[in-house]
Amino acid sequence: MRVTVESQKNRNSLMASLRVLGLRRDGIGATRRGLREKARMFRTLLSNLDGMVYRCRNDGQRTMEFVSEGCGQLTGYAPSEMLLNQRISYEEITSAQDRARVREEIRTALAWNRRFFVEYRVQCRDGAVKWVGERGVGITDGHGAVVTIEGFIEDVTERKLATQALQQAELRFRSIFENAIEGIFQTAPNGDYLNVNPSFAHIYAYETPARFITEVDNIEKHLHIDPVRRVEFMRLVREQGAVTGFVSQIRRRDGVQIWVSENARAILDEAGTLLFYEGTVEDITDSKLNQEKLEYQASHDPVTQLPNRLLMNDRLRRMMLHAQRNDNVVAVVLIDLDHFKLINDTFGHNRGDALLQAVAQRMRQCLRETDTVARIGGDEFVLLLSGEGRGEAISQVAQRILKTIAQPWRAEGEELSVSCSMGIGIFPRDGRDVQTLLRNADTAMYKAKELGRNNFQFYSPEMNAIMSARLEMQTVLRKAVENNQFVLHYQPMIDLNSGRVAGMEALLRVPDGSGGLLAPQHFIRLAEESGLIIPIGEWVMREACTFNKSLQDRGLPAVPVSINLSARQLARYDLMRAVEQALRESDLAADYLELELTESMVMNDPESVIATLRQLEALGVHLSIDDFGTGYSSLSYLKRFPVTTLKIDQSFMRDIGDGEDGASLVKAIISLGHSLDMKVIAEGVETGAQMALLMQNRCDVMQGYLYSHPLPAADFCALLERESMTTDKVGHLREMCSTSLCTA
Ligand code: C2E
Ligand code: MG
Ligand code: MG
């Protein structure tokens, strides 16, 4: 009986399987053998199915009435264990977490008389958990109530895990996309944005990606400041498939202009068809501005904000190329401020810088927009003037600059003025490359300095000779300093009342390399410009003091020695220390040292000079004004200076013979000196007539070839010895006067 029930059940199961598999019941009416054959075939089929065909009751346990062989493989339980819940019910192996959901989904489908499909976990016999997919259908009784369910359950663990992994990956990538700091985008092949991330939208000042995509319809016009850049970008991606670091300038939604760098590449399908473009955008405004700032700093002078030498060279090169194509010229004007070092040294760097700024501004005002003015060194500027065909036009500009710069300049209540010297080189005539052109303009500038500064000179090939002489002289000076080759000559000064030697002036000489000696006019200015005057001046002081002391030690009449100072030695240099040292080393009394200064030296910055001079005076050193009458002196200052002597410049002696005017000037200076309580010395006295005039006008002392040329130390010593023997010195003077008058 039991067997019959089982076989009846089996038959029912088979029928159910047929229905599940969608097979029709056509063969039911065939012969038994045919039926058996079919049953065998279906059994084979069912047992080979990857999964489990079932029929269960629509009850709480999902009691299985039929399960196919696949049950074992799917759940680990043999079909017999599952059937009629003999060992375990299907409900029990359904994961507790999923049970309610599975039940609900099945219930709903059955209620609507629909097939269902549900995925959930089952716990296998060995404890492993598997994901299964179950599809099934409800079987109703005659009254429409679902009594059984028939269906198929298969292992979908692998697919499920793969999908889950995919979903997680997608989630991860979405998170990267959403939270990336860089802007990320996808565009259609025509460039329209398909998808952008929040950062992308923010870069362009849109609140959300959606807003960006809907509002930006014309990318070139909407975003790009230079629409051609966008066209170029799209062309590159199309042609090369990828673009990196493409920089363009963008106008954001709020109007702010920014710089962005874009990377993009084309995404193709397997057949090579373009699907879309994707890429990233980065706001590089800050680094771009930094870079611009660095570039600016590298190419501009920090004090005046003018282009520096580097940028000037570059511009000159371009202008030369341009001029060459257009058969035009370029003028290079090298400008050097006269005595700027002195101003800098005297007034300090702050004022020096302020002066440079004022000069830069004035120069700019004299030029056209297209011209360049650059600062290439301490006090050196360069103008680049394009298209100035005629020298006349260049001269006009140079003239204008001379005039503008020479205008007095007020700072902190004081008035300063500075002049400049300019050298002009013309491309292509004076050089076809930057270096030659600048070198020749430099040569012309030196010529302008030679000619007394405050002027401009056009370059000419003959100037090269001057330049090389200058260079040679510089070498001679350096060598002389290194090898201690300088020589001092001494010229006596004669007291016009007593006829005695009243002093001696130390005059510097340097060997010319061929046995002769060079006078200061050939090298003093160069020594001042190069700064060599400082060590040279110290040497002069030491040597002169030592020599003077040696004369006294020989018992010769003691007379003071005069030393010429240069402006550099007065400004920002510890003159006091040098003087004290020279006196100490030579053991000479300060009273026997006299320092000669010129008017321009003391008048440039009278207040600070007065302080230095007072210190020197306190030391016991005498001070005199040399070449008096050639510079400009303020009498009120002259009174305040602790100066005891005026030396009338030798040019006045020359003028004495030229008529009344010359003589009256000399007279005037002598009485001026006396009225200031100063001793007056006349320089450059060559004739008896000059001496006679001086004596008549009670000039105190004379110095000049009439009495003696400057002499080497030994000769001067001999002169002093001779002179000390002469008893009638005044007679000697008179004699000199008359012989000279006779010879004249
Ligand atoms: P200075 O101080 O006015 O010196 C007088 C110049 O006149 C000397 O020229 C001297 O040789 C020259 N002299 C003297 N008597 C006569 C004369 O009767 N007729 C003519 N025509 N000239 C006469 P020197 O030696 O060539 O010096 C020129 C200038 O160089 C000096 O002018 C002085 O300013 C400067 N100097 C000379 N030695 C030194 C020095 O050691 N240091 C500095 N910083 N400058 C110096
Ligand atoms: Mg002198
Ligand atoms: Mg003089």
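Mentor: A polar contact is a pair of N or O atoms within 3.5 Å. Keep that cut-off in mind. The model here is predicted.

Trainee: Which side chain has an N or O atom 2.5 Å from a nitrogen atom of ligand 1?
Mentor: The cut-off for a polar contact is 3.5 Å. A nitrogen atom of ligand 1 sits 2.5 Å from an N or O atom of one side chain, within that limit. That side chain belongs to E686.

Trainee: How much of ligand 1 does the protein bury?
Mentor: Start with the ligand on its own. Taken alone, ligand 1 exposes 790 Å². The share of that area buried by the protein is 83%.

Trainee: Which element gives the most residues to the shell around ligand 1?
Mentor: The shell holds 23 residues, with R509, N564, D626, Q650 and E686 the closest. The elements that give two or more residues are β19 (501-511) and β23 (622-628). The top contributor gives 4 residues, and it is β19.

Trainee: How many residues of the shell around ligand 1 are charged?
Mentor: Sort the shell by residue type. There are 10 nonpolar residues and 6 polar ones. The charged residues number 7.

Trainee: What is the distance from an oxygen atom of ligand 1 to an N or O atom in the side chain of D626?
Mentor: Ligand 1 has contacts to backbone and side chain. A nitrogen atom of the ligand is 3.1 Å from a polar backbone atom of L508. For the oxygen atom and the side chain of D626, the distance is 2.7 Å.

Trainee: Which residues coordinate the magnesium ion (ligand 3)?
Mentor: The coordination distances run from 1.9 to 2.5 Å. In sequence the donor residues follow the spacing D-D-x55-E. E683 is listed twice, each time through OE, and the two Asp residues each give OD. The residues are D626, D627 and E683.

Trainee: Which residue bridges the magnesium ion (ligand 3) and the magnesium ion (ligand 2)?
Mentor: The two ions lie 4.0 Å apart. One residue bridges them both. It is D626.

Trainee: Is E683 buried or exposed?
Mentor: Place it first. D627 is in strand β23, while E683 is in the loop between β25 (679-682) and α28 (688-696), 56 residues apart. D627 is partly exposed because its relative accessibility is 25%. Buried means under 20%. E683 has 6% relative accessibility, so it counts as buried.

Trainee: What is the phi of D627?
Mentor: Most residues other than glycine have a negative phi. D627 is not a glycine, yet its phi is positive. This residue is in strand β23. Its phi is about 50°.

Trainee: Where does D677 lie?
Mentor: D677 also has a positive phi, near 70°, without being a glycine. It is exposed because its relative accessibility is 71%. Its place is the loop between α27 (660-675) and β25.

Trainee: Which residues does the cis peptide bond with omega of about 5° join?
Mentor: Most peptide bonds are trans. This one is cis. One partner, P428, is in the loop between β16 (420-427) and α17 (434-450). The bond joins F427 and P428.

Trainee: How many salt bridges does a search of the whole structure find?
Mentor: Side chains of opposite charge can pair when their charged atoms come close. R55, R57, E65 and E150 even link up in a network of salt bridges. The search of the whole structure finds 37.

Trainee: What separates D553 and K549 in helix α20?
Mentor: These side chains form a salt bridge, with the closest N and O atoms 2.9 Å apart. D553 is exposed at 54% relative accessible area, whereas K549 is buried at 18%. They are 4 residues apart in helix α20 (residues 533-553), so the separation is about one helical turn.

Trainee: Which helix holds both R107 and E104?
Mentor: Their side chains meet in a salt bridge, 3.0 Å from N to O. The residues are 3 apart in sequence, about one turn of the helix. Both lie in helix α6.

Trainee: Is D371 buried or exposed?
Mentor: D371 forms a salt bridge with R368, the closest N and O atoms being 2.9 Å apart. R368 is partly exposed, with a relative accessible area of 41%. The value for D371 is 11%, so D371 is buried.

How values were computed: Residues are numbered from 1 along each chain as its sequence is written. Chains are lettered from A and ligands numbered from 1 in the order in which they are written. This is a predicted model: local features need pLDDT of at least 70, side-chain atom pairs count only at pLDDT 80 or more; totals for chains, interfaces and linings use all residues. Side-chain values use heavy atoms; hydrogens and water are left out. A residue is near a molecule or strand if one of its heavy atoms lies within 4 Å of it. A polar contact is a pair of N or O atoms within 3.5 Å; within protein, one must be able to donate a hydrogen and the other to accept it, and residues adjacent in sequence count only if both atoms are side-chain atoms. Accessible areas come from the Shrake-Rupley method with a 1.4 Å probe; for residues, only the protein chains shown count as cover. Ala, Val, Leu, Ile, Met, Phe, Trp, Tyr, Cys and Pro count as nonpolar, Asp, Glu, Lys and Arg as charged, and the others, Gly among them, as polar. Donors are N, O and S atoms within 2.8 Å of the metal (3.2 Å for Na, K and Ca); water is not among the atoms, so sites may look incomplete. Buried means under 20% relative accessible area, exposed over 50%, partly exposed in between (1.4 Å probe, protein chains only). A salt bridge is a side-chain nitrogen of Lys or Arg within 4 Å of a carboxyl oxygen of Asp or Glu.
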